[in-house]
There are 2 protein chains.
Amino acid sequence: MFDKLDPLLHSELRLAVMSILMGAEEADFVYLRQQTGSTAGNLSVQLDKLSEAGYITVEKGFQGKKPRTTCRITDSGRTAFGNYVDALRSYIGK
Amino acid sequence: MFDKLDPLLHSELRLAVMSILMGAEEADFVYLRQQTGSTAGNLSVQLDKLSEAGYITVEKGFQGKKPRTTCRITDSGRTAFGNYVDALRSYIGK
DNA sequence: ATATTTGGTTTATAAAATAAACTGGTTTAT
DNA sequence: ATAAACCAGTTTATTTTATAAACCAAATAT
């Protein structure tokens with residue numbers, strides 16, 4: 001009756017991050033922090049989880065002298081997001 | 001940018017229960033347990049939370065000699081569910 | 001020179017979800 | 001009649017998760 005909701009995506013912050021990355025080729029830590037309004041600590045932890053799951057890639061580099069962490073969604077992440085949205089529909093209709 | 005997701009509804013089991021009650025006038029404990037596939041303990045706890053929040057009413061009675069717990073969604077619960085669905089759309093589009 | 005800001009990570013705490021164990025009563029089998 | 005199994009839940013304990021607080025290194029500003 002109800003599809004299982006991927007616990008990795010069923011989290012407000014992780015879902016927001018994935019939502020941004022679904023429509024953005026790439027996004028850096030600072031941008032994600034601004035858009036989601038999260039704390040740096042929380043974002044750091046959740047990015048790790050998404051990365052561990054293979055849903056995103058996290059690339060650390062420098063922009064001039066400042067560190068810059070760039071995130072991108074993977075194919076597997078895209079698929080998982082799509083499946084999550086489909087599963088949600090079994091709960092909220094449409 | 002992203003709407004806040006009501007934490008009471010952003011839970012797989014509670015959302016499933018609310019989803020059932022949105023389309024069913026009433027549903028008893030046993031039915032909810034069957035439809036959601038949850039354990040009795042988990043269901044009991046989550047029904048309490050929904051009830052505490054005023055999203056559902058829980059009525060205990062008997063059907064012959066067997067106890068029977070009947071749940072119904074409240075107006076406030078309906079509204080909250082609607083708001084939750086709207087908020088979700090800010091994450092999943094559409 | 002030292003204080004502050006930037007861009008994070010790590011660790012600790014609070015809250016949630018879930019499962020395991022228990023209760024009160026009923027039905028079924030012996 | 002008594003014990004065993006079962007039903008409908010509740011309570012308590014355990015695990016997982018989310019979140020915040022504290023910390024760190026480097027760069028910039030005062």
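This is a guided tour of a predicted model, with a suggestion at each stop of what to select next.

**Chain A as a whole**

Begin by selecting chain A and colouring it by secondary structure, which comes to four helices and three strands. Followed along the sequence, these elements of chain A come in the pattern α-β-α-α-β-β-α. Turned onto its principal axes, the C-alpha trace of chain A spans about 55 × 25 × 20 Å. Of the 94 residues in chain A, 43% count as buried, and of the contacts with a separation of 6 or more, 57% join residues 24 or more positions apart.

**Helix H3 of chain B**

Next select residues 40-52 of chain B, which form helix H3. The 13 residues of H3(B) should span 18 Å at 1.5 Å a residue, and because the end C-alpha atoms are indeed 18 Å apart, the model agrees with that expectation. Now show the side chains of Leu43(B), Gln46(B), Leu47(B) and Leu50(B), which are buried in H3(B). Looking down the axis of H3(B), one finds these buried residues within an arc of 105°, so they line one face of the helix. To see what that face packs against, add helix H1 (12-22), helix H2 (29-36), strand E2 (56-63) and strand E3 (66-73) of chain B, the elements that the buried residues of H3(B) meet. Before leaving the helix, step to Gly54(B), just after H3(B), where phi is positive at about 80°.

**DNA strand C**

Select DNA strand C and the 19 residues that surround it, of which Ser44(A), Lys60(A), Thr69(A), Ser11(B) and Arg14(B) are the closest. Of the atoms of DNA strand C that come within 4 Å of the protein, sugar and phosphate account for 71%.

Three side chains can then be inspected in turn at the phosphates:

- Thr69(A) has a side-chain N or O atom 2.3 Å from a phosphate oxygen of DNA strand C.
- Arg14(B) places an N or O atom of its side chain 2.4 Å from a phosphate oxygen of DNA strand C.
- Lys49(B) has a side-chain N or O atom 3.5 Å from a phosphate oxygen of DNA strand C.

Which elements each supply at least two residues of the surface near DNA strand C? They are helix H2 (29-36), helix H3 (40-52) and strand E3 (66-73) of chain A, together with H3 of chain B. H3(B), the helix visited above, gives the most to this surface, with five residues. Coloured by residue class, the surface near DNA strand C shows five nonpolar, eight polar and six charged residues.

**DNA strand D**

Move to DNA strand D, which 19 residues surround, the closest being Arg14(A), Phe29(B), Ser44(B), Lys60(B) and Thr69(B). Sugar or phosphate makes up 70% of the atoms of DNA strand D within 4 Å of the protein, while the rest belong to bases.

Again, three side chains at the phosphates deserve a look:

- Arg14(A) has a polar side-chain atom 2.5 Å from a phosphate oxygen of DNA strand D.
- Ser44(B) likewise has a polar side-chain atom 2.5 Å from a phosphate oxygen of DNA strand D.
- Thr69(B) brings a side-chain N or O atom to 2.3 Å from a phosphate oxygen of DNA strand D.

Two or more residues of the surface near DNA strand D come from each of H3 of chain A and H2, H3 and E3 of chain B. H3(A) contributes the largest share, five residues, and by class the surface near DNA strand D divides into five nonpolar, eight polar and six charged residues.

**Phe81(B) and Leu5(B)**

For the last two stops, first select Phe81(B), in helix H4 (residues 75-92) of chain B. Is Phe81(B) buried or exposed? With a relative accessible area of 6%, Phe81(B) is buried. Leaving aside residues up to four places away in sequence, Phe81(B) touches Tyr91(A) and Ile92(A) in chain A, and Leu9(B), Leu15(B), Met18(B), Ser19(B) and Met22(B) in chain B.

Then select Leu5(B), in the segment before H1 of chain B, which is buried with a relative accessible area of 1%. Beyond residues up to four places away in sequence, Leu5(B) touches Glu12(A) as well as His10(B), Tyr84(B), Ala87(B), Leu88(B) and Tyr91(B). A distance line drawn from Leu5(B) to Lys66(B), 61 residues apart along the chain, should read 38 Å between C-alpha atoms.

Methods
Residues numbered from 1 in each chain as written. Chains lettered and ligands numbered in written order. Heavy atoms only, no water. Expected span 1.5 Å × (residues − 1). Buried < 20%, exposed > 50% of the residue type's maximum accessible area, 1.4 Å probe, protein only. Arc of directions from axis to C-beta. Contact = heavy atoms within 4.5 Å. Near = heavy atom within 4 Å. Polar contact = N/O pair within 3.5 Å; in protein donor to acceptor, adjacent residues only side chain to side chain. Nonpolar A, V, L, I, M, F, W, Y, C, P; charged D, E, K, R; others polar.
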